[in-house]
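Biologist: I would like a close look at a single part of this protein. Please take one strand and follow it outward to its neighbours, in words a first-year student can use.

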Amino acid sequence: MRLLKFLFVVSLLWNCYSCYSYRVLPTHYEEYGKEITTIDAFVIGDSLKQELKIIKASGLFNVMSDSTEANVVLKLYPLKRTPVCGQPLTLSMITLGQVPVYMPDYYQFKFDEIRNNEVTEKEFTLQITQRVWFWDMFVFNKKFDEKAGLLLKKEYYQSQ
C-alpha cells in the first residue's frame, strides 16, 4: 500500500513538472516583422539574463559588445509577471494529465531605447500561456525566451 501511494505521488509530481509547453497569444504573431532589418544595439543592464535572452531571441536587435559601434542603446528593466491561479492544475492532477489545462500569464517587458541622447520608453504586455498536459512531455521546444521573443517582435512592430 505504501508503494502504491508513493507511485501515485511521484506520478502527480511528474505530471506537474515535466508536462508543459508555452503558447503565444494571439497566435498570428508570425505575420509581423519579416521584412525589417535588425538594429545594432548596446545593452545596459545585461545582468538581467532572461531579459537579454528575450531581446536576442526576438531578432529585433543585434546585440553589440561595444557601445561606440551601436546605433541604439537599450536599458533593460526586470520582467514583471502577473500571478496566475493554479486551481486548474487540480483537474490535471485528478485526470493524471489527460485533460490539457491552460494557465494564461501576462508579462510586462520594459526597456528604454536611447538614440542620440533621446530616450524612448517602450513597454509591452506579452501574453504567454503555459499549457500543462501529459502529452507535452514529448514536446522538446519548451523555451520561454523564444516564445517571448517572437511575441516581443510582433508587439514592437505593431507599435511602430
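Modeller: What follows is a description of strand 2 and the elements around it. The model is predicted, so everything below is computed from predicted coordinates.

First, the setting. The protein has 160 residues, of which 36% are buried. Its secondary structure consists of 4 helices and 7 strands, and their order along the sequence is α-β-β-α-β-β-β-α-β-β-α. Among the contacts with a separation of 6 or more, 72% are between residues 24 or more positions apart.

Strand 2 covers residues 39-44. One of its faces is covered and holds I39, A41 and V43. The other face is uncovered, and D40, F42 and I44 belong to it.

Strand 2 pairs with strand 3, residues 61-64, through 4 bridges, and the two run parallel. Within this pairing, F42 has M64 as its bridge partner. To get from strand 2 to strand 3, the chain passes through helix 2, residues 49-58, in a β-α-β crossover that is right-handed.

Strand 2 also pairs with strand 4, residues 72-76, again in the parallel sense and over 4 bridges. Here I44 is opposite K75.

Helix 2, the connection in the crossover, packs in turn on helix 4, residues 144-159. Two packed helices are described by the angle between their axes and the distance between the axes. For helix 2 and helix 4 the angle is about 60° and the axes are 7 Å apart. An angle of about 60° is why helix 2 counts as oblique to helix 4. The crossing of the two helices is right-handed. On the helix 2 side, the residues in contact include Q50, K53 and I54; on the helix 4 side, they include F144, A148 and L152.

On from strand 4, the pairing changes direction. Strand 4 and strand 6, residues 101-115, are antiparallel and share 4 bridges, with V73 opposite I114. Strand 6 is also joined to strand 5, residues 80-81, by 2 bridges in the antiparallel sense, and K80 has Q108 as its partner there.

Strand 6 pairs with strand 7, residues 118-132, as well; these two run antiparallel and are joined by 15 bridges. One of the pairs places D112 opposite E121. Strand 6 and strand 7 make a hairpin with 2 residues between them, and N116 in the turn has a positive phi of about 50°.

Terms used:
Residues numbered from 1 in each chain as written. Predicted model: local features only at pLDDT ≥ 70, side-chain atom pairs only at ≥ 80, totals over all residues. Heavy atoms only, no water. Buried < 20%, exposed > 50% of the residue type's maximum accessible area, 1.4 Å probe, protein only. Pairing = 2+ DSSP bridges. Right-handed = clockwise from strand over helix to strand, strands pointing away. Axes fitted to C-alpha atoms, helices over the stretch in contact; angles between N-to-C directions. Parallel < 35°, antiparallel > 145°, perpendicular 65-115°, else oblique. Left-handed = near helix turned anticlockwise from the far one by under 90°. Contact = heavy atoms within 4.5 Å.
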